[in-house]
Amino acid sequence: AADLPSPSRGPRPAMTSIGDLPEDVLVELLSLLPARELLRTCRLVCSQWRYVVDLNTLWKRKCQRDGFYRQSYDRSISDWKVFYMLCHMKKNLLKNPRAEENFQHWTIDANEGDKWKIEDLPGAHGSHMSDPRVQKYFVTSYGPCFKSQIITLDKEGYWNQLMDEIRPEITVKDWYAARFDCGCRYELTVRLLSKDWICLQEFHPEPVVIEQWSDAQWREISHTFQNYPAGVRHIWFQHGGQDTQYWAGWYGVRVTNSSITIGP
C-alpha cells in the first residue's frame with residue numbers, strides 16, 4: 001500500500017494577540033475604557049500602548065462616544081485629551097448653591113440686621129425661576145449680609161499644569177432678585193487666588209441697586225475668566241447685600257443657583 005502523507009509536525013502559527021491588531025482597531029477598543037484606566041494602567045503596558053493612548057484620535061473618539069464632540073470643534077481643538085478631561089470633569093464647583101442644605105459649605109462673612117435666612121420660592125412678593133430644580137433661595141436683611149466659599153482646584157481634580165499651561169475658561173454665574181415691595185442692593189466678588197492666597201484676577205462689578213416696586217424677576221449675572229495669569233490655585237466667591245429701606249425682617253436681595261464651572 002502506498003504510504004500516506006504524514007501530518008505536519010511543524011510549529012503551529014502563534015495565536016494573534018491584541019498587540020498585533022491594527023492601530024485603528026486598537027484605538028477603537030481602548031477608547032471604550034475609562035480615562036483613568038487609560039492613563040494609569042494601559043499607558044504603562046508597553047511602548048505601543050503608550051503611543052496609542054497619547055494619540056489625539058483616541059481622545060477624539062472618546063469625545064464622540066461620550067457626547068462631547070461637535071464637528072464645528074475640529075479646527076479649534078488641538079489637544080483632544082485635555083478637551084475630554086475638561087468636559088468629563090465639568091460640574092458646579094460651588095456646593096449647596098440652592099440652599100437645599102441650610103447654610104452648609106458657606107462661610108458667613110457678614111450677618112447684620114435680622115441675619116441671613118432661607119425661604120421657599122417664590123416667597124412673599126416674589127417670582128418663580130425658569131429652572132424647576134431651584135426651590136429655595138438665601139435672603140438678606142436690613143444690614144449687610146455676605147457669604148462666601150473657597151474652592152481649592154487640585155482637590156477638585158484640576159492639576160497645576162493644566163491651570164498654568166492650558167488655562168481653561170472659568171465661568172461664574174449667579175442669580176439674584178428683589179421683592180416687589182422693597183428695594184435692595186446686590187454685590188458679587190470673585191477672585192482667582194495663588195497658592196499663597198494672592199489675588200491674581202478679580203471680578204467685582206458695580207453693586208446692583210433695585211428700586212422699590214420692581215418686577216421682582218430673577219436675573220442672572222455671568223462672567224468668564226480667560227487668559228488669566230499662571231498660578232491660580234483657589235477661587236473665592238462671595239455674594240450678598242441688603243435691603244435699601246431698612247425694614248426689620250428679610251426684605252433684602254435674594255440669591256440662589258450660583259455656579260462656578262471650568263470648561264473648554
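The following legends describe close-up views of the two largest pockets in a predicted model.

**View 1. The largest pocket and the residues around its centre.** The space in the largest pocket amounts to about 320 Å³. Its lining consists of 16 residues, and those closest to the centre of the pocket are Ser76, Phe83, Leu86, Ile166 and Pro264.

**View 2. Contributions of domains and helix α5 to the lining of the largest pocket.** Domain 1 (18-87) and domain 2 (107-263) each supply at least three residues to this lining. Helix α5, which spans residues 80-89, makes the greatest contribution, with 3 residues.

**View 3. Chemical classes in the lining of the largest pocket.** Nonpolar residues number 8 in this lining, alongside 5 polar and 3 charged residues.

**View 4. The second largest pocket and its lining residues.** A volume of about 250 Å³ is computed for the second largest pocket. Ala35, Arg36, Leu39 and Arg40 are among the residues that line the second largest pocket. The lining also includes Met85, His88 and Met89, together with Gly157 and Trp159. Two elements, α2 (35-40) and α5, each give two or more residues to the lining of the second largest pocket.

**View 5. Helix α2 and the residue classes at the second largest pocket.** With 4 residues, α2 provides the largest share of the lining of the second largest pocket. Classified by type, the lining of this pocket comprises 5 nonpolar, 2 polar and 2 charged residues.

Methods. Residues numbered from 1 in each chain as written. Predicted model: local features only at pLDDT ≥ 70, side-chain atom pairs only at ≥ 80, totals over all residues. Heavy atoms only, no water. 1 Å grid on protein atoms, 1.4 Å probe; cavity = no way out; pocket = protein on both sides within 12 Å on 5 of 7 lines; lining within 4 Å. Points joined across faces, edges and corners; volume = space filled by probe spheres on them. Nonpolar A, V, L, I, M, F, W, Y, C, P; charged D, E, K, R; others polar. Domains from an automatic or database assignment.
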